[in-house]
Amino acid sequence: MKLIIAIVQDDDAGNLLETLTESGFGVTKLATTGGFLKAGNTTLMIGVEEKDVSKVIDRIEEVCKTRKQVITTPSSVASSTGVYMPYPVEVEVGGANIFVVDVDKFVRI
Ligand code: 2BA
């Protein structure tokens, strides 16, 4: 058995949870925080048989595709008036970080 630990964006978590549970996989969702950005993300723990690992990774890839998004951010440099000007920036969102680890034992009581 393997444990897949997938760290995904909050925006993708709902759809991914739905897709995985509809496909019959057991999932546990944790609200987590990225150490670098200190922003919320979602970690899913999915215990699967080894033969299903690639199926789950395919589903994650389908749902968590990287895409561009325009966000408006306050400028880090104030204008001469001292007013912070918001400006649009294109950023990449989506994607996932996936760990697949061996499970020595799984017990359901
Ligand atoms: P990603 O590399 O896609 O990482 C997204 C989130 O996945 C991370 O959030 C963290 O929660 C988790 N993660 C990534 N690698 C991990 C690992 N080896 N072990 C455990 N968890 C892991 P953040 O830490 O907030 O990072 C958000 C994004 O900031 C990263 O996206 C990356 O693009 C950038 N980043 C992270 N650390 C960086 C650094 N030291 N220097 C420059 N950019 C960094």
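**Exercise 1.** How many bridges join β1 to strand β3, and in which sense do the two run?

*Solution.* Start with the ground rules: this is a predicted model, where local features need pLDDT of at least 70, side-chain atom pairs count only at pLDDT 80 or more, and totals for chains, interfaces and linings use all residues. Residues are numbered from 1 along each chain as its sequence is written, and side-chain values use heavy atoms, with hydrogens and water left out.

Next, find the strands (DSSP runs of E, at least two residues, numbered from the N terminus, as are helices, which are H or I runs of at least four). Strands pair if DSSP finds at least two bridges between them. Here, seven bridges join β1 to β3 (residues 40-48), and the two run antiparallel.

**Exercise 2.** Find the partners of Ile7 on either strand.

*Solution.* In β3, Ile7 stands opposite Thr43. β1 also pairs with β6 (residues 96-102), again in the antiparallel sense over seven bridges; there, Ile7 stands opposite Asn97.

**Exercise 3.** Which elements give two or more residues to the largest nonpolar core?

*Solution.* Such a core is a set of buried (under 20% relative accessible area, 1.4 Å probe, protein chains only) Ala, Val, Leu, Ile, Met, Phe, Trp, Tyr and Cys residues joined through side-chain atoms within 4.5 Å. The largest has 15 residues; Ile4 and Ile46 are among those with the most contacts inside it. The elements are β1, α1 (10-22), β3 and α2 (53-63). Of these, α2 gives the most, with four residues.

Key
Buried means under 20% relative accessible area, exposed over 50%, partly exposed in between (1.4 Å probe, protein chains only).
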